[in-house]
Amino acid sequence: KRYGPGGVHLHTEQDQESDDVRLSMHWLYTVRHAIERDDMVLYYQPVYHIPSGTIAYYEALVRLVIDDKLVYPGEFISALERFQEASLLDKHVISKAIKTLADNPRLPKLAINLSAQAFQNEQLVPLIAEKLAEYSVDPARVIFELTESASLTNLSATQCMVKTLTEMGCAFSIDDFGTGFSTFSYLKSFPAETVKIDGSFVKELKNSEIDRALVRSIRDVAWTLGKMTVAEFVEDQETLDLLKEFKVEYAQGYFLGKPAPIEALDI
Ligand code: C2E
Ligand code: MG
Ligand code: MG
Ligand code: MG
């Protein structure tokens with residue numbers, strides 16, 4: 001440890017880094033423990049089909065329960081990724097989500113988020129196939145949401161696994177679109193049915209000419225490639241009206257429905 005004049009401990013960059021590592025390790029152990037004790041819960045947020053105004057599917061969002069309080073994935077997912085342990089959570093969420101589909105036949109479809117590391121794990125596809133068979137769930141009720149970074153690392157292995165799952169009948173969606181590094185050629189070749197426009201472009205839609213232009217462009221490119229678009233972070237009627245005008249097909253956000261436990265859903 002280094003000390004400054006008068007023996008005061010200066011917090012150095014190295015200290016900061018070891019604090020980060022310690023915090024990440026704390027989350028890794030906490031999540032592992034929570035998975036063992038079944039203390040992870042899924043919340044479900046509706047995604048609306050804009051033209052018909054009906055719910056097309058729900059997205060499963062994981063939460064960690066500690067002392068009756070919810071901890072959001074923003075706190076712990078990057079810690080798992082740091083130690084290459086994110087597929088631990090992916091597997092757990094997949095099992096839980098597929099069971100939810102089996103237990104709730106009136107639930108149309110579920111979108112499941114996968115971490116950036118999901119496809120580095122060869123057991124993932126067999127696990128999905130096994131769970132779908134075990135619970136007799138139609139693969140067509142499952143949509144996997146992948147971020148651009150997830151689909152770009154380990155490209156050929158990812159494409160192979162995505163192909164297998166697509167052939168089984170599952171669908172894919174590219175999450176947080178517009179914030180990653182994907183190219184048009186990648187977007188063209190990736191077999192995603194939908195593109196989810198990142199909330200950062202949607203939040204300020206009614207105030208920002210630039211965001212309106214970007215959302216229209218993303219929608220047009222997606223349309224050209226035969227993909228539909230979903231807008232996240234729809235927080236008011238005005239934004240929904242604009243998306244309708246831009247012919248964005250699906251919308252999700254607090255204005256339409258907040259993430260809620262399964263018992264609270266109107267299904
Ligand atoms: P995401 O997949 O892009 O999910 C959208 C996030 O925005 C969710 O946060 C959701 O609660 C929040 N949100 C929804 N509507 C609105 C809105 O109108 N306004 C605002 N400001 N926020 C809204 P959450 O649940 O904290 O999840 C954050 C991220 O964590 C997700 O982003 C996803 O990347 C990741 N994540 C969530 N669940 C899982 C999971 O089961 N597995 C993995 N690997 N990642 C997950
Ligand atoms: Mg998502
Ligand atoms: Mg998203
Ligand atoms: Mg997002």
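## Two magnesium ions and two pockets

The magnesium ion (ligand 3) takes its protein donors from Asp175 (OD), Asp176 (OD) and Glu232 (OE), which lie 2.0 to 2.7 Å from the ion. The structure is a predicted model. Along the sequence, the donor residues of the magnesium ion (ligand 3) follow the spacing D-D-x55-E. Two of these donors come from distant parts of the chain: aspartate 176 belongs to strand S6 (residues 171–177), while glutamate 232 sits in the loop between strand S8 (228–231) and helix H10 (237–245), and the two are 56 residues apart.

These two residues can also be placed by their accessibility. Aspartate 176 counts as partly exposed because its relative accessibility is 24%. Glutamate 232 has a relative accessibility of 10% and therefore counts as buried, since buried means under 20% relative accessible area.

The next step leads to the other magnesium ion. Aspartate 175 is a bridge between the magnesium ion (ligand 3) and the magnesium ion (ligand 2), and the two ions lie 3.8 Å apart. The magnesium ion (ligand 2) is coordinated at 2.0 to 2.2 Å by Glu59 (OE), Asn113 (OD1), Glu145 (OE) and Asp175 (OD). The spacing of these donor residues in sequence is E-x53-N-x31-E-x29-D. Asparagine 113 is in strand S4 (residues 110–113) and glutamate 145 is in strand S5 (residues 142–147), so this pair ties together parts that are 32 residues apart in sequence. Asparagine 113 has a relative accessible area of 24% and is partly exposed. Glutamate 145, with a relative accessible area of 1%, is buried.

From the ions the description moves to the pockets. The largest pocket holds about 970 Å³ of space. Its lining is made up of 36 residues, and those nearest the centre of the pocket are Glu59, Leu61, Pro73, Asn113 and Asp175. Among these, Glu59, Asn113 and Asp175 are also donors of the magnesium ion (ligand 2). Several elements give two or more residues to the lining of the largest pocket: strand S1 (40–49), strand S2 (54–66), helix H2 (73–82), helix H3 (86–103), S5 and S6. H2 gives the most to this lining, with 6 residues. By residue type, the lining of the largest pocket divides into 18 nonpolar, 10 charged and 8 polar residues.

The second largest pocket has a volume of about 170 Å³. Its lining consists of Met40, Val41, Leu42, Tyr43, Tyr44, Lys96, Thr100, Asn104, Pro261, Ile262 and Glu263. The elements that give two or more residues here are S1 and H3, with S1 giving the most, 5 residues. S1 and H3 are also on the list of elements that give two or more residues to the lining of the largest pocket. In the second largest pocket, the lining residues divide into 7 nonpolar, 2 polar and 2 charged.

One more residue can be located in the chain. Alanine 129 is part of helix H4 (residues 124–134). With a relative accessible area of 31%, alanine 129 is partly exposed. Alanine 129 and valine 230 are 101 residues apart along the chain, and their C-alpha atoms are separated by 27 Å.

Conventions: Residues numbered from 1 in each chain as written. Chains lettered and ligands numbered in written order. Predicted model: local features only at pLDDT ≥ 70, side-chain atom pairs only at ≥ 80, totals over all residues. Heavy atoms only, no water. Donors = N, O, S within 2.8 Å, 3.2 Å for Na, K, Ca; no water. Helix = DSSP H or I, 4+ residues; strand = E, 2+ residues; numbered from the N terminus. Buried < 20%, exposed > 50% of the residue type's maximum accessible area, 1.4 Å probe, protein only. 1 Å grid on protein atoms, 1.4 Å probe; cavity = no way out; pocket = protein on both sides within 12 Å on 5 of 7 lines; lining within 4 Å. Points joined across faces, edges and corners; volume = space filled by probe spheres on them. Nonpolar A, V, L, I, M, F, W, Y, C, P; charged D, E, K, R; others polar.
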